[in-house]
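Q: Could you take a close look at one part of this model, the helices and the places around them, and set it in the context of the whole chain?

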Amino acid sequence: MIHAARLRAAVRRLTDALHTGTPASEVLQSVVEEALRLTDAASAALCLLTEGRDMLDFVAAAGENADDILGLRIRVADSLSEQVVETGQPQLLDRRTMPPTGDLFAALPASNEDTSSTAPAQNLTGALVPLMAEGKLVGTLSALNKAGEGALNAAIQPFDTNDLETLALLAEFATLARKVDRTNRTAHDQSRELAVLYDAARKVAGSLNVQEVMDGVLTALCSHVEYHAAVLFLLNDERTHLFIAAERGLSEEEREIQLSVESGEHARVLDNGLPRRIKDTDQTTDFVDITTRSRALSAMIAPVRSRDETHGIIVVTSLQRRAYHSADLKLLAAVAMQAGIAIENAWLYEDAQRQAEEATALYDLSQHVNATLHEDHVLNFVADSVLNLLKVDRFALMLYDAREEKLKTRVSRNMDAGRFHEVAPRVGEGIAGWVFEWQTPQAVSDVAADARNRTSPLDAFGVASTLCVPMHVGEEVIGVIHAMSSKRRLFTVAEMELLYTIANQAAVAIVNAHLYKEARTKSHEMRRYFRRVAHAIGSALEEQDLPRLLADLSVEIMRADRCAIYRLEGETLRLQAASGFRSAVPPDATVALGQGLCGHVARRGQSLNLADLTDDPRSQTHHWLHRDKLTSYLGVPLRSDRRVVGVVEIYSQERREFSREEIQLLSTFVRRARVADKIAQEAV
C-alpha cells in the first residue's frame, strides 16, 4: 500500500508537469528521480538512441555519480542496455545475467579513497525497460542497485517485476513528455511560420514597388530567424549571374558581390528548385560565402520562384554551426515562394505602368515631332524624352555628315558641349561609329573596358555606361543616339527597344525637317529666279537673250557647272543657249534626233540621269566632251502641248547622281518659266 501511494503521488506530479507545459528535459529528469525513489535504487538514468542507433546519449540521471553520467555518449554494445535495445523487452540484471562490461553506474571513488571499499561489479543488480514511441524503440530507462547494496558484505537485494512495471509506467511518461515536446515545437514552428508569413504578406501586400517588396520580405524573415547575414539575390537579364537586390548585415564592399550560376551550392538550388540547409560550411566545399569580414559556419538557401520560373535565391547565414533546423528551412522556403510571387506581381505592375508611361510618352513624342518641321525643336524634344524615359543623366544625338564622312553631334545634354561637339568619329570608330556601321543597337555597361571606346573615348567625359542605337529611315541610317549614365548600370532589352523606337521616330522627323528646310530654301530661290525671269520678260531684254538667261538660272538652281538648251527642228536638235561653257570647248551646235545624249532624251521623251559620263557610250557622239572635264549629266525634255520641242542639259564637273527632287525641281522651273513655249514659238 505504501508503494502504491508513492506511485500515485509520482503519477500526479508527472501529470501536473506535463499539464503545465514543463520543458521535456525537466520532465525526463523528474522521471529518473521518481524511478530512483520508487525502486529504492542507488542510481537511475534515461538514455536515448542516436540517429545511427549505435550510440546512447544519457539525457537524464539521478542518484550516485549523476553529474558524471549526465551527457555521456557510449556505444550500445558497451552498455547494460544492449539486450534491451536488441530485443525491445524489459530486463532484470543480477550477477548471473550481468554482461562482462561491468557496472557503468558504479560509484566512482574519490582519488584519496581506497578502491578496495567498492563492491565488485559482479554484485550489482538492475532493472531496464525500453522507451517506445509510435512502436519504435527510442531509448531505455534504467535503475541500478537497491539502496545500501553497495556496502561491503551486504545482502544482495535484487529488483523484481514490480520494479519493471514501475519503470515501464515511468517510461511511458518519458515518451509522452517527448511527444508533447514535439507537438509544442511543431506548434511553435507553425506559429512562427504563420507569423513570418503574415508579416511578409502584410509588408508586401501594401506595395507594388519591387524594392519595397524585397525589403519587406527580408524584414519579416529576419525578425523571426537568427542570422548574421540575409541576402536576396536576383538573376540578371542574361541569367548568367546573381546580383544583390536586398540585404541585411552586409558591408558596403560586400554589397557589390555577384555570384555565378555555373557552380556552387546556390547554383544547385537554382537548377533543382529545392531549398538547401548547410549544417557546417567546413564540410561543404561548394558553398560560396557572401561575407568577407567573418566566416559563415552554417547557412540556408531557398529559391525565389513564381510558378515554374526561378527569379533568384534567398541566402541566410549564421556564425554558429548547425544553427538552423528543418523547420527553419521550411520557413525560409515558404517566405521565398511568397517573395517570388510578390516580386513577379510587382514586376508585372511596374511593367504595365512603364508601358503605359512609355506609350503616353511615345504618343507625345510623335505628336510633337510630327507637329513641327523645325529640326531644333525635334532634337530638343527627343533629348528631353530620352532623359525622362530611360532615367539617364547624359544624352547625345549624332547625325552622319556625308561630305566629311563623320558623325557629328547635333544635340547633347549634361556633356561638356565645347569638347564633346569636337568629337566626330568616322564610320567604325568608337561605339557610335560601330553602331552606325553595323546598324546594331549596343548596351555597354562598362564603357572604359570596351575595346571600341579607345578610338573615340566616352569615359573621358565621365560616361560609365551607354545605350547606343542607330537612327533608321527605311533602309538608310542617318545617325545614332547615345543614352548615357555617369554611374554603371545594366540596360534592359525593354529599354533598348524603347530607345530604338524613339530613334526611328526621331530619324523620320529629322529627315522631314531637312526636306522641309531644303524645299523652303529652294522655294525661296525659285521665287527669286521667277522674279528675275519675269523682270527679264517684262523689260527691254532682247528676245534672243531670254534662252541665255534661262540657261544661267538653270545652272544656279541645280548648282551645276554647264547648261545647254536645244530646240527640236524636224529631225535635228539646234543649240539655243549655253551657260558655263568655255569658248575653247563649246557644245555641239546641232545634234541629230536619237543621237548622243540630248538626241536620246528628245527621242525617248524621258529624263536621262548619268553619274559618270565616261561609262555611257552615247557620250562618245559629243567629241567636245573629251576636251572638257565634265563627269555627270542630266537631260530633261521640254514639252509644249505634250509635244517634245527641245532639251535642257545640265553638266557637273564633280561626280554626282541627281536626285529625283532635283530632276523635279529643274522640270518645274523650265515649265513655270515657259521655256518650252518660247522655244516652240521660235520654231514656228
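A: What follows begins with the whole protein and then turns to its helices and to single residues. The model is predicted, and the protein holds 16 helices and 23 strands. Of its 684 residues, 47% are buried, and the accessible surface comes to about 34900 Å², with 49% of that surface belonging to carbon and sulfur atoms. Among the contacts between residues at least 6 apart in sequence, 58% join residues at least 24 apart.

Helix α1 (residues 2-19) and helix α2 (residues 24-38) offer a pair to examine, their axes coming within 11 Å and crossing at roughly 175°. Since angles over 145 degrees count as roughly antiparallel, α1 is roughly antiparallel to α2. On the side of α1 the contact is made by His3, Arg6, Leu7, Ala10, Arg13, Leu14, Ala17 and Leu18, and on the side of α2 by Val27, Ser30, Val31, Glu34, Arg37 and Leu38. Sorted by character, the residues of this contact of α1 with α2 comprise eight nonpolar, two polar and four charged.

Helix α13 (residues 546-558) can be examined for its length and its burial. At 1.5 Å a residue, its 13 residues should span 18 Å, and the end C-alpha atoms are 18 Å apart, which agrees. Ten of the 13 residues of α13 are buried, so the helix is largely enclosed by the rest of the structure. The buried residues of α13 are Leu546, Pro547, Leu549, Leu550, Ala551, Leu553, Ser554, Val555, Ile557 and Met558. After α13 comes Arg559, whose phi is positive, near 50°.

Helix α6 (residues 210-222) can be tested in the corresponding way: its 13 residues should span 18 Å at 1.5 Å a residue, and its end C-alpha atoms are 19 Å apart, which agrees. Buried in α6 are Val210, Val213, Met214, Gly216, Val217, Leu218, Ala220, Leu221 and Cys222. Leu208 lies in the loop between α5 (161-205) and α6, and at 40% relative accessibility Leu208 counts as partly exposed. Although Leu208 and Leu348 are 140 residues apart along the chain, their C-alpha atoms are separated by 9.1 Å. Leaving aside residues up to four places away in sequence, Leu208 touches Asn345, Ala346, Tyr349 and Glu350.

Another loop residue, Ser486, sits between β17 (476-485) and α12 (493-538), where Ser486 is partly exposed, with a relative accessible area of 31%. Ser486 and Val463 are 23 residues apart in sequence, while their C-alpha atoms are 4.7 Å apart in space. With residues up to four places away in sequence not counted, Ser486 touches Asp393, Arg394, Gly462 and Ala464.

Two further residues concern the backbone around strand β6. Glu134, in the loop between β5 (126-133) and β6 (136-146), has a positive phi near 55° although it is a residue other than glycine, and at 77% relative accessibility Glu134 counts as exposed. Asn145, whose place is in strand β6, also is not a glycine and has a positive phi of about 65°, but Asn145 is buried, with a relative accessible area of 8%.

Terms used: Residues numbered from 1 in each chain as written. Predicted model: local features only at pLDDT ≥ 70, side-chain atom pairs only at ≥ 80, totals over all residues. Heavy atoms only, no water. Helix = DSSP H or I, 4+ residues; strand = E, 2+ residues; numbered from the N terminus. Expected span 1.5 Å × (residues − 1). Buried < 20%, exposed > 50% of the residue type's maximum accessible area, 1.4 Å probe, protein only. Contact = heavy atoms within 4.5 Å. Areas by Shrake-Rupley, 256 points an atom, 1.4 Å probe, with all protein chains shown as cover. Axes fitted to C-alpha atoms, helices over the stretch in contact; angles between N-to-C directions. Parallel < 35°, antiparallel > 145°, perpendicular 65-115°, else oblique. Nonpolar A, V, L, I, M, F, W, Y, C, P; charged D, E, K, R; others polar.
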